[in-house]
Amino acid sequence: MTETLSSISEYAIFATMFLYVVAFVCFVLDLAQRSARATAPTAVRSAVERRAAAAASVSSAASPASPSSGAATATLAPPTAATGGGVPADGARTDGAPTTSRALKLAMTVTVVAWAIHLLADITRGIAAGRVPWANMWEFSLTGTLVIVGIFLLVNLRFDLRYVGTFVLGLVCVLLMWAQVFYYVPVAPLPPALQSYWLVIHILVAITGTAFFALGFALAVAHLLQAWRERRQELSLPPVLPFLKSLPGSVELENLTYRVNIIGFIFWTFTLIAGAIWAEKAWGRYWGWDTKEVWTFIIWVIYAGYIHARATRGWRGSRSAWLSIIGFAAVMFNFGVVNVFFHGLHSYSGLTN
Amino acid sequence: MRTALFLLLLLALAAVPGSLVPQRTSDPNGVTQYKVDHPTLYPILDKLQVFSTYSSVWFSAIYLLLFVSLIGCIIPRVKHHVDAMLAKPPKTPFRLSRMAGYREAEAPAGVTAAEAIEAARAQLKSARYRTVVFDDGRQTSVSAERGYLRETGNLVFHIALLGILVVVGIGGGFGWTAQRVVVTGQTFVNTSVNFDSFNPGRFVDSDNLPAYSVKVDDLKVTYDSANGDSRGQALDYDATVTATRKDGSSYRTHIKVNHPLRIDGTSVYLLGNGYAPVLTFRDANGKVIKSEATPFLPEDSNLTSQGVVKVASGLSEQLGIIGIFMPTAPTDTDAQNLSSYPGLNNPRVSLTVYAGDLGVDSGQPQSVYALDTKGLTQIAGPTAKTKGLNLGLGETVKLPNGLGSVTFSGVKRFASLDIHHDPTQGWVLVFAILVLAGLLTSLFVPRRRMWVKATTDASGAVRLEYAGLARGEDPRLDEAVASLVAAHQKRLALGGFKNGKA
């Protein structure tokens with residue numbers, strides 16, 4: 001039974017990886033098509049033209065959310081753009097072309113199907129092991145990438161974030177393949193230190209936090225690229241990365257990055273607290289500067305800094321985006337390097353030296 | 001903010017070296033090893049306090065500065081917030097059209113400006129806004145504000161962080177930790193003289209610890225015995241103990257990993273275990289002079305263990321013995337002294353025996369786990385005429401030089417117990433929960449102002465203006481204004497305001 005289930009899990013994960021690669025290719029194709037669309041009508045717009053266009057779109061397109069009830073009728077006349085805070089609005093999704101290309105639709109469909117198989121792989125692994133599937137690095141990678149894609153799909157129900165699909169799926173493909181090559185271990189029983197319900201809580205919350213930080217990382221990268229493009233446009237330099245024109249403006253990307261990262265931060269705070277409670281039960285102290293604790297603390301402080309940067313003059317925009325990227329780099333370091341190479345109590349990689 | 005940001009990033013950076021280099025508190029053996037491996041670098045890093053990073057002067061300086069700047073930030077904010085909570089919402093701005101989510105609408109015919117504003121006020125009030133109505137004759141307006149909890153949460157978050165720091169500091173002074181190795185069947189009484197090591201805080205009265213006792217009746221360790229990849233992995237550690245509280249009441253319970261014993265305000269953890277071979281020594285006449293279980297410290301995952309036995313009296317010479325114990329020794333006697341499985345499948349000991357003055361009478365404190373072989377003569381072992389003594393369970397061999405004999409007469413388990421007392425950790429938890437609660441409210445409760453203004457023009461029509469102002473992050477402000485407009489218009493259209501229905 002265990003053997004069968006664990007081999008189902010292995011086949012399913014190969015299928016998942018294949019489909020994620022397909023979805024990734026579709027997302028890339030979509031970006032390429034966005035580039036083609038964006039470059040087709042006008043080649044280079046001067047700053048003057050752009051300002052004119054921005055003024056036009058302010059009065060026409062960028063209307064606030066429409067009133068939800070029919071009672072607020074025709075007399076409503078919102079005369080100014082409520083959002084955007086001084087960004088050139090020309091990069092918004094109002095360029096005329098439909099946002100959803102066939103490649104994008106296909107990419108999302110394949111991602112959903114792949115995610116379902118990924119879920120199957122994760123659940124069968126869990127049943128095969130007779131416990132939650134996140135007790136070693138392979139299982140953590142398996143569940144972690146599942147949650148990253150899950151959160152990506154979930155957030156898309158509320159905001160259209162499909163444009164970061166390339167980043168997210170690219171990241172997930174690399175993580176899964178890396179894990180498959182370096183972290184795979186067969187099903188093994190749980191060591192006594194992990195036999196606790198805190199394993200369920202602490203790790204699941206950590207995984208969810210990581211997933212939000214991953215999404216925040218993807219958005220921060222998009223933000224930096226967008227800000228770079230906007231700056232070049234400001235200076236009337238030749239345009240770069242034309243697909244970015246179909247993405248939201250840098251200010252909106254910055255706001256989205258922030259909102260995703262603060263959710264990650266809350267999960268991370270809870271990870272720290274839950275970890276401390278568990279550490280008290282298992283190791284006799286709630287905090288002992290174990291290497292993994294240190295890095296979890298460092299990540300918390302970096303993101304706390306990121307949140308403060310939002311309220312600090314001169315730190316909004318690109319600098320805070322870099323903090324978000326550094327924060328996620330620390331998350332990856334904590335997982336990929338600290339677990340394997342650092343000496344400490346959190347040595348549950350399941351890998352033999 | 002700039003100072004806080006700078007100090008936060010500095011703190012993150014300063015925490016890094018402590019993870020790269022072993023720390024005295026969590027890994028003292030690692031520090032010793034580091035000294036051997038890096039003889040030139042060690043004194044420099046040691047001077048820089050890198051081996052105790054988190055209590056070093058520079059690390060402490062950063063976090064203390066951070067908290068000083070935090071206090072400097074909190075005090076004026078608390079005052080300001082209290083003032084804001086006591087004050088009424090400010091006067092409606094003259095030009096609402098400059099505010100976020102600005103919308104205009106016309107009131108249905110027959111509704112006066114005062115009625116429209118009263119309806120809006122009731123509306124906002126029911127949405128938990130604080131409201132105040134202004135009327136300057138030409139215009140009537142309602143000014144409303146909500147979300148004071150956002151700032152409250154933010155202040156609670158920061159004050160709770162401060163609370164954690166203070167409480168941890170106090171806990172360090174009043175808490176203590178101790179270690180004790182107990183062989184099964186033995187009892188330890190919780191007094192400072194009985195500990196193998198004891199680290200009391202500055203204000204701990206070491207002579208008055210709660211004098212309970214714990215007898216380790218049994219320690220069961222289960223290993224994975226299947227021939228898979230995880231063969232030999234421990235599945236369970238289960239110590240059966242009889243605990244006797246300081247008031248004399250006694251009960252039987254279990255200590256397991258993740259399941260400490262909480263007794264008389266302290267916690268007893270099972271953090272390590274190993275084997276304690278029983279060696280019986282007889283003198284030349286066959287009289288038993290020593291027979292006891294000695295804890296041998298595990299050296300690998302298959303519990304190849306090393307220990308020291310000292311025979312200070314009863315024989316014609318003092319003996320110091322370094323022993324290797326293997327729970328599952330290789331059957332090939334020429335093989336290396338390494339156990340192949342942590343369970344007791346083929347227990348053997350291999351002893352190197354030294355004779356001479358052990359120095360136990362000199363009054364110098366000695367470690368029970370180490371033997372200083374200086375001045376001793378090896379009488380059985382690799383460099384002696386007699387080879388090392390190699391015994392299976394129940395076997396007896398003669399000691400060299402006709403000193404007598406040694407018997408490997410049994411194997412017991414030992415439990416390594418950690419005893420901790422931290423009077424403030426409950427408070428740390430309380431503050432940690434406050435941190436989380438404060439964080440949630442400060443990030444998700446929107447703080448915003450809303451205004452509705454009514455102007456009657458020459459024709460008698462009532463023109464309504466709506467707008468909002470975000471105070472802090474508020475991505476849904478525009479939606480909120482839109483839904484206020486919708487609901488207000490609906491209320492006016494239904495005419496419910498005339499009967500004073502809210």
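## An all-helical chain A and its contact with chain B

Read along the sequence, chain A runs α-α-α-α-α-α-α-α-α. That is 9 helices and 0 strands. The model is a predicted one. Chain A has 353 residues, and 56% of them count as buried. Its contacts reach far along the sequence. Among those with a separation of 6 or more, 82% join residues 24 or more positions apart.

One loop of chain A deserves a look. A:S236 sits between helix 6 (197–234) and helix 7. Its phi is near 55°, a positive value in a residue other than glycine. Most residues other than glycine have a negative phi. How accessible is A:S236, in relative terms? A:S236 has 44% relative accessibility, so this residue counts as partly exposed; the partly exposed class lies between 20% and 50%.

Now turn to chain B. Its domain assignment gives three entries. Domain 1 covers 1–84, domain 2 covers 88–147 + 446–500, and domain 3 covers 276–413. Domain 2 is thus written as two segments of the chain. The C-alpha centres of domain 1 and domain 3 of chain B are 46 Å apart.

Next comes the interface of the two chains. On the chain A side, 65 residues are in contact with chain B, and on the chain B side 65 residues are in contact with chain A. The size of an interface is often given as the accessible area lost when the parts come together. Here chain A and chain B bury about 5300 Å² between them. Carbon and sulfur atoms carry 68% of that area.

Which specific pairings cross this interface? The rule finds 2 salt bridges between chain A and chain B. One of them joins the side chains of A:E280 and B:R262, with 2.9 Å from N to O. Polar contacts between the chains number 13 residue pairs, counting those with both residues at pLDDT 80 or more. Helix 7 (250–283) and helix 8 (291–310) of chain A each give at least two residues to the side that touches chain B. Which element supplies the largest share of that side? Helix 7 of chain A does, with 15 residues. By class, the side of chain A that touches chain B holds 44 nonpolar, 13 polar and 8 charged residues.

Inside chain B, follow one acidic residue. B:E145 lies in strand 3 (residues 139–146). Is B:E145 buried or exposed? B:E145 counts as buried because its relative accessibility is 2%, and the cut-off for buried is under 20%. Its side chain has arginine partners. A polar contact of 2.9 Å links the side chains of B:E145 and B:R447. Another, of 3.0 Å, links the side chain of B:E145 to that of B:R471. Leaving out residues up to four places away in sequence, B:E145 also touches B:P89, B:P90, B:Y129, B:R130, B:R448 and B:R449, among others.

A last stop in chain B is B:N258. B:N258 belongs to the loop between strand 9 (250–256) and strand 10 (261–263). Phi of B:N258 is near 70°, again a positive value in a residue other than glycine. B:N258 is buried, because its relative accessible area is 7%. Set beside it, A:S236 is partly exposed, while B:N258 is buried.

Technical notes:
Residues are numbered from 1 along each chain as its sequence is written. Chains are lettered from A and ligands numbered from 1 in the order in which they are written. Side-chain values use heavy atoms; hydrogens and water are left out. Domain bounds come from an automatic or database domain assignment. Contact means heavy atoms within 4.5 Å. Buried area is the accessible area (1.4 Å probe) that two parts lose on being put together, summed over both. A salt bridge is a side-chain nitrogen of Lys or Arg within 4 Å of a carboxyl oxygen of Asp or Glu. A polar contact is a pair of N or O atoms within 3.5 Å; within protein, one must be able to donate a hydrogen and the other to accept it, and residues adjacent in sequence count only if both atoms are side-chain atoms. Helices (H or I, at least four residues) and strands (E, at least two) are DSSP runs, numbered from the N terminus. Ala, Val, Leu, Ile, Met, Phe, Trp, Tyr, Cys and Pro count as nonpolar, Asp, Glu, Lys and Arg as charged, and the others, Gly among them, as polar. Buried means under 20% relative accessible area, exposed over 50%, partly exposed in between (1.4 Å probe, protein chains only).
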